[in-house]
Amino acid sequence: MPMLADPSQKYKPYTPLNIKDRQWPSKTFEKAPQWLSTDLRDGNQALANPMTIEQKTTFFRQLVKCGVKQIEVAYPAASDTDFNFVRGLIQNNEVPDDVWVQVLTPAREDLIKRTIDSVAGAKHAILHMYNATSPMFRDVVFRNSKEQTIELAVKHTKIVRQLTEECTAKHGTKFIYEYSPETFTQTEPEFALEICEAVKAAWGKAGLGEDRIIFNLPSTVEIGPPNHYADQIENFCTKISEREKIIVSLHPHNDRGTGTATAELGLLAGGDRVEGCLFGNGERTGNVDLVNLALNFYTQGIHPGLDFSDIQSVIDVVTQCNDLPVHPRHPYAGELVFTAFSGSHQDAIKKGFEAQKIAHAAAASEGRPSYWNMPYLPIDPADLGQNYEAVIRVNSQSGKGGIAYLIKQHLQLDLPRKLQVSFYQVIQDISDREAREMTVDDITTAFRQTYHFGGSKYKGRLALRDFKISTMSTIHVSEGSGDETADETRHFDGTVSVDGNYRVIRGDGNGPLSALLDALRTHLDIDLVIREYSEHAINDGTDSNSKAASYVELVPAGDRKSTQSWWGVGVDTDIAGSGLRAVISAVNRAIGDRVLPELKLTVGFSGRSEQADVTSAIAHSLGLFLPRRFQSSFFEVVQRYARDNGGEISYEAVTELFQKTYAFQVNSTSRKIELSSHKLEQLTEGRRQIHAEFLVSGEVKSASGIGNGPLSSVLAALQTFTDGSFSIREYSEHSIGEGADVVAASYVELIYEVAGTKKTTSWGVATDVDITTSGINAVLSAVNGLNIVFKQ
């Protein structure tokens with residue numbers, strides 16, 4: 001059936017109260033009310049699968065932990081399960097001395113008696129009796145007159161008094177009496193007052209403090225707006241006699257979706273106490289949500305007397321026991337309530353955090369409170385044990401501000417606005433392509449991959465390994481004045497990984513970054529200039545761990561207004577290092593998959609490459625750190641090669657030339673002498689003797705020699721079949737690799753002298769897992785570089 005065109009023909013509006021001088025609209029909150037949780041009674045009876053005793057016990061403990069001092073635990077006469085649960089709480093000492101357990105009973109003598117029996121022995125108990133008072137229930141459900149309805153309430157109130165006094169005398173339990181005119185909001189206001197006055201008189205001992213009687217005035221079913229409920233409460237509070245001896249309790253339901261507003265306006269109208277459930281569980285649309293109400297007070301600077309410092313643990317217990325989820329948009333508790341997807345919201349939050357940080361610092365220095373004042377966040381998530389992880393989440397609707405905020409929070413990078421715009425487009429492309437929300441990990445990973453930031457896992461085709469910046473001064477004489485001025489030029493000398501191969505590049509500029517760009521232009525034909533540069537410190541609170549973050553925007557040389565640009569990011573403990581890494585980051589974006597020219601060393605009179613470049617090439621390609629004299633010797637070899645090849649030599653050719661020259665890690669037919677096998681013996685006084693088999697031009701020769709160590713003993717063995725004399729001029733060694741893969745590298749420079757000829761020298765190099773074998777093979781490598789004269 002469709003909705004009616006004229007619903008007034010089916011539904012009647014509420015009847016407003018004629019209150020000429022309402023007080024509640026002008027009142028404000030000054031303190032929190034008393035709280036009663038009815039999760040274990042009203043909430044439990046609304047569950048498709050009511051809680052077990054174990055679940056109810058877990059829930060009860062959570063309520064106590066949150067600071068709830070009045071807990072309606074059951075309708076004990078309804079079932080043995082509820083009765084036994086209440087008895088278990090008391091007998092197992094689960095109820096703290098400052099907590100009142102409340103039990104519900106209808107106006108029936110046998111049920112009242114069993115209800116009181118359930119709490120016998122408790123220190124504090126609230127006996128809650130009710131009967132329906134509205135015309136619908138009087139006339140249709142129970143067919144009672146007003147007089148009969150009052151008589152029912154009065155009669156059973158007297159029974160409650162008698163039985164509770166007997167229980168107190170026997171077990172010491174202190175009771176408070178609570179009476180509910182059920183369906184209060186649908187009851188005639190004057191009749192509600194009349195029946196409550198009769199009940200109070202029948203109770204006969206309403207006093208002050210803990211002797212006050214509780215009148216619970218439930219919005220059993222919401223039938224009007226919150227202001228109407230407030231009028232009903234103010235009307236009751238104004239007209240009831242002995243108001244100081246009464247606690248007016250509010251029990252709003254949420255049929256119209258206004259349970260929270262109904263409770264708040266009811267409190268302004270004179271209510272002292274609120275009955276509800278955590279996260280609003282209850283019949284139909286639920287009871288008023290105590291968490292929502294309590295935190296509303298908290299955000300007004302009034303402590304509610306309830307503790308939700310770890311709200312997630314409360315959510316976990318409630319969802320586990322109720323088997324109902326908390327809605328993602330539920331106030332304060334939903335997983336999305338502190339989350340902004342909208343770009344404009346994210347930008348506001350980002351700016352809010354930045355401004356608040358400054359404001360709080362100023363307030364702290366002046367001894368003033370640090371007030372929370374944030375766009376879109378009425379409460380600090382940290383107060384509820386939450387973090388700021390989910391404050392900004394990203395999808396296709398998100399903006400650059402939110403993305404920049406997440407990068408700042410998780411990578412400590414405060415991106416320049418133009419970089420925010422650039423990276424925003426990266427995230428938007430991914431989000432649109434994959435049609436999903438982008439997680440923090442998605443965003444930070446995309447940032448690292450885009451800007452090759454954060455370690456070797458994300459490095460690009462170019463990576464800066466090490467560098468040195470030096471300053472060169474040039475003196476100029478000004479025309480006419482004769483004054484001398486000095487211009488300082490920065491010289492970049494560094495090692496860069498190019499597609500996995502280490503290369504030495506050099507360049508000059510008016511600063512470190514322009515010097516690096518000059519080096520890239522010279523060596524790799526990458527011609528870019530800086531359009532924008534910014535930097536900031538990253539400080540964890542200790543100067544020793546502070547770092548610099550740099551941001552660089554590069555554009556093609558000669559076109560500073562180019563619409564195409566590439567951003568880069570770098571972080572280093574050194575400000576120059578962070579800037580250089582930012583340049584490399586941007587260059588990686590610029591070059592993409594473009595083929596780079598082969599890097600070559602230029603050697604000779606006008607060449608830019610030096611001995612250190614050659615040495616570095618060998619170190620990076622073979623892992624060998626040549627002794628200084630060895631460096632000089634090999635550099636002469638390279639110069640001779642380059643002279644015959646147009647003054648240039650590629651890095652690969654340098655490595656091949658080294659291996660060929662020293663027969664290193666290659667099969668070579670040029671070796672005149674090779675070691676086939678050997679055995680070393682320790683002699684007296686530290687002397688060593690070697691027994692070895694050599695292959696001399698393919699012929700096996702056995703020889704022995706004695707020396708002060710392995711190397712001198714192998715030279716002594718060689719002396720047995722060669723003319724002249726050998727001596728070691730220099731020896732050094734180092735390890736290559738780590739752990740099980742480590743090997744020894746040995747370097748030997750030999751001097752060889754044959755009578756009547758000039759002394760000659762030769763370098764040898766070898767590696768082996770055994771340091772002794774490495775040294776011996778290095779000796780033979782050097783020997784093979786000499787023109788040996790063999791004995792006849």
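Modeller: A residue is buried when its relative accessible area is under 20%. The model in front of us is predicted, and helix H10 is a good place to apply the term.

Colleague: What makes H10 count as mostly covered?

Modeller: H10 runs over residues 290-298, and eight of its nine residues are buried. Those eight each fall under the 20% cut-off, so the helix is called mostly covered. The buried residues are Leu290, Val291, Asn292, Leu293, Ala294, Leu295, Asn296 and Phe297.

Colleague: Which elements do the buried residues of H10 pack against?

Modeller: They pack against two strands, S1 (34-37) and S8 (273-276), and against helices H9 (259-268) and H11 (311-322).

Colleague: How do you know that Asp289 caps the N-terminal end of H10?

Modeller: A side-chain oxygen of Asp289 lies 2.9 Å from the backbone nitrogen of Val291. A polar contact needs N or O atoms within 3.5 Å, so the distance of 2.9 Å passes.

Colleague: Why is Ser342 called partly exposed?

Modeller: Ser342 has 27% relative accessibility. Buried would need under 20% and exposed over 50%, so Ser342 falls in between and counts as partly exposed. Ser342 sits in the loop between H11 and helix H12 (343-366). Its C-alpha is 9.8 Å from that of Gly401, although the two residues are 59 apart in sequence.

Colleague: What makes a set of residues a nonpolar core?

Modeller: The members are buried residues of a listed set of nonpolar types, joined through side-chain atoms within 4.5 Å. The largest such core here has 119 residues. Val73, Phe215, Leu278, Phe308, Leu413, Phe423 and Phe447 touch the most other members. Helix H7 (residues 189-203) gives the most to this core, with nine residues. A second, separate core has 55 residues, including Leu528, Leu596, Tyr662 and Phe664. In soluble globular proteins, nonpolar side chains tend to be buried together.

Colleague: Which residues does Phe308 touch?

Modeller: Leaving out residues up to four places away in sequence, Phe308 touches Cys66, Leu278, Val291, Ala294, Leu295, Val314, Asp383 and Leu384. Val291, Ala294 and Leu295 are among the buried residues of H10.

Colleague: Why is one empty space called a cavity and another a pocket?

Modeller: In a cavity a 1.4 Å probe fits but cannot get out, whereas a pocket is an open set of points. Searching the whole structure gives two cavities of 30 Å³ or more. The largest cavity has a volume of about 50 Å³, and the second largest about 30 Å³. The largest pocket has a volume of about 650 Å³.

Colleague: What lines the two cavities?

Modeller: Residues lining the largest cavity include Thr185, Glu222, Ile223, His228 and Gln232. By class, its lining has three nonpolar, six polar and one charged, and H8 gives the most, with three residues. The second largest cavity is lined by Phe184, Pro189, Ala192, Leu193, Gln232, Asn235 and Phe236. Five of these are nonpolar, two are polar and none is charged. H7 and H8 each supply at least two of them.

Colleague: Which residues lie nearest the centre of the largest pocket?

Modeller: Pro13, Tyr14, Thr15, Gln186 and Ile223 do, out of 21 lining residues. The lining has 10 nonpolar, seven polar and four charged residues. H5 (135-141) and H8 (226-239) each supply at least two residues, with the largest share, three residues, coming from H5.

Key. Residues numbered from 1 in each chain as written. Predicted model: local features only at pLDDT ≥ 70, side-chain atom pairs only at ≥ 80, totals over all residues. Heavy atoms only, no water. 1 Å grid on protein atoms, 1.4 Å probe; cavity = no way out; pocket = protein on both sides within 12 Å on 5 of 7 lines; lining within 4 Å. Points joined across faces, edges and corners; volume = space filled by probe spheres on them. Helix = DSSP H or I, 4+ residues; strand = E, 2+ residues; numbered from the N terminus. Nonpolar A, V, L, I, M, F, W, Y, C, P; charged D, E, K, R; others polar. Buried < 20%, exposed > 50% of the residue type's maximum accessible area, 1.4 Å probe, protein only. Contact = heavy atoms within 4.5 Å. Polar contact = N/O pair within 3.5 Å; in protein donor to acceptor, adjacent residues only side chain to side chain.
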